[in-house]
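The exercises below are to be worked with the sequence and the coordinates at hand. Each task is followed by a stepwise solution.

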Amino acid sequence: MTPISRGFRGRRDASADPSRVPPGQYVTGDFPVLSAGPTPHTQLADWSFAIQGEVDEPKTWTWDEFRALPSENLTTDIHCVTKWSKLDTVWTGASVDTLLDGVDTSAEYVTAWSDGGYTTNLPLEDLTGGRAWVAFAYDDEPLDPEHGGPARLLVPHLYFWKSAKWVRGLELKLEDEPGFWETYGYHNYGDPWREQRYWGD
Amino acid sequence: MARAALLGRLTWQLANVVELVEETARVRSIVLDPPAWPGHRAGQHVDVRLTAEDGYQAQRSYSIASAPEDGYLMLTVERLEDGEVSPYLADELRPGDELELRGPVGGYFVWEESLGGPLLLVAGGSGVVPLRAMLCHHHAVESIVPVRLLYSARSLEEVVYRDELMRMAAADQIDIRFTLTREQPEGWQGYGRRIDRELLDEVSWPPGEHPLVYVCGPTGFVEATANALVELGHEPARIRTERFGPTGG
């Protein structure tokens, strides 16, 4: 039985639809920043994006080429493992389906890698089918470096550490390999609706 | 099997509140006695969960303030006026209450002897909490790694662990530099401005000595400090950060 915290009443957010808030999360209007190190500041002229690894032919885009791809606007909820959720966030980005168009692979896993050395791992199927983007704008403004600009991965159905900031490429893999936080005790998959925060959850 | 159990699920446990220490007007330490604490490393945090009578729950993460060698677990919590959990912990909780928690969590913002140094710790406000665990751990293991703490607070009254840090500094255990950004007492010998590039250049070891740096504080503070360190030539991979946002309460 869950023990009652004497004198705790809590502050339920009446404006938030409970069906949109995963267990253990609270809704915030802010956009907190969490990163393990300094924010990289990559110049757009030096930026590129790569699809590589277990593919017939690696693909790369310069910033201009990437921005010339079809992009989508989407409004979605995001959930950070540190307990905050933010509802109805507005993003613009290229769908990962677009980036993978024409790529022939037998890979089932992906490691997203970023400026600054950050990595995170995901099953390939979580990045396809209109569920993941490489986003370059937030609220119709270029994405702030603090929030992962010039571009970040956006995989809103998983905890937000899977949405790698400063993403520069996707490495397609036959075997799953834990990324940065996944090595430091965080869950390998990270489904907020099953509260998969840490190893063993 | 024992190892498997240790690496298994972090389960919730009820810790007895042994003692409460008022650190500043807005910050309080909670001394806890968890029944099955697996041990932790300096810099890690725990998840705390509160449950109301109708079953409503709220969870937050808090840095651990105590060293692994201490015989108890200590959290230090700053009351955020519009917060949900921190006002309860800072005002309502009493000795003898039980607090539900699980941990330890996090493995990157951690210092231990094997990581070496020289060690530069940079704290903004209550961001000093996990750095205090590192300092106490450093002392407990009698580390010879050179360590320096740069601590930015608004005023002397808002310096968390003030007496303890002053004692450490007086005993030459560690080199502590304070900067008080809003209000300095008369005759103040320390810095009196926000941390900037020039101040970091004066306080930190030269980039050539490859210091290992831990920065913890509000987002804007950490962002400015980490950027300035990189501009001064410090290796980004040697700078570990922990940011807390305007919410989190």
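## Exercise 1: overall size of chain B

Task: compare the radius of gyration of chain B with that of a compact globule.

Solution. A compact globule of 249 residues would have a radius of gyration near 18 Å, and chain B agrees because its value is 18 Å. The radius is taken over C-alpha atoms, and the globule rule is 2.2 Å times the number of residues to the power 0.38. This is a predicted model, in which local features need pLDDT of at least 70 and side-chain atom pairs count only at pLDDT 80 or more, while totals for chains, interfaces and linings use all residues. Residues are numbered from 1 along each chain as its sequence is written, and chains are lettered from A and ligands numbered from 1 in the order in which they are written.

Next, take the box along the principal axes: the C-alpha atoms of chain B fill roughly 55 × 45 × 30 Å. Then count burial: 46% of the 249 residues of chain B are buried (20 or more other C-beta atoms within 10 Å of the residue's own; exposed means 12 or fewer, partly exposed in between; C-beta atoms are placed from the backbone).

## Exercise 2: domains of chain B

Task: state where the domains of chain B lie and how many residues each gives to their contact.

Solution. Chain B is divided into domain 1 (2-105) and domain 2 (113-244), with bounds from an automatic or database domain assignment. The C-alpha centres of the two domains of chain B are 24 Å apart. Their contact takes 15 residues from domain 1 of chain B and 13 residues from domain 2 of chain B, where contact means C-beta atoms, placed from the backbone, within 7 Å.

## Exercise 3: two helices of chain B

Task: check the lengths of H3(B) and H6(B), and list their buried residues.

Solution. Chain B has 6 helices and 11 strands; these are DSSP runs numbered from the N terminus, helices being H or I of at least four residues and strands E of at least two.

1. Helix H3 (residues 128-140) of chain B has 13 residues that should span 18 Å at 1.5 Å a residue, and its end C-alpha atoms are 18 Å apart, which agrees. The expected span is 1.5 Å times one less than the number of residues.
2. In H3(B), 11 of 13 residues are buried, including Val128(B), Leu131(B), Arg132(B), Met134(B) and His138(B). After H3(B) comes Glu142(B), with a positive phi near 50°.
3. Helix H6 (residues 219-231) of chain B reaches 18 Å between its first and last C-alpha, close to the expected 18 Å.
4. The buried residues of H6(B) include Phe221(B), Val222(B), Glu223(B) and Leu229(B). Among the elements that cover the buried residues of H6(B) are strand S7 (119-124), strand S8 (147-153) and helix H5 (197-203) of chain B. Just after H6(B), Gly233(B) has a positive phi of about 105°.

## Exercise 4: a loop residue of chain A

Task: is Leu158(A) buried or exposed?

Solution. Leu158(A) sits in the loop between strand S10 (152-154) and strand S11 (167-173) of chain A. Leu158(A) counts as buried because 24 C-beta neighbours lie inside 10 Å. Beyond neighbours within four places in sequence, Leu158(A) contacts Asp126(A), Gly190(A) and Asp191(A).

Key:
Contact = placed C-beta atoms within 7 Å.
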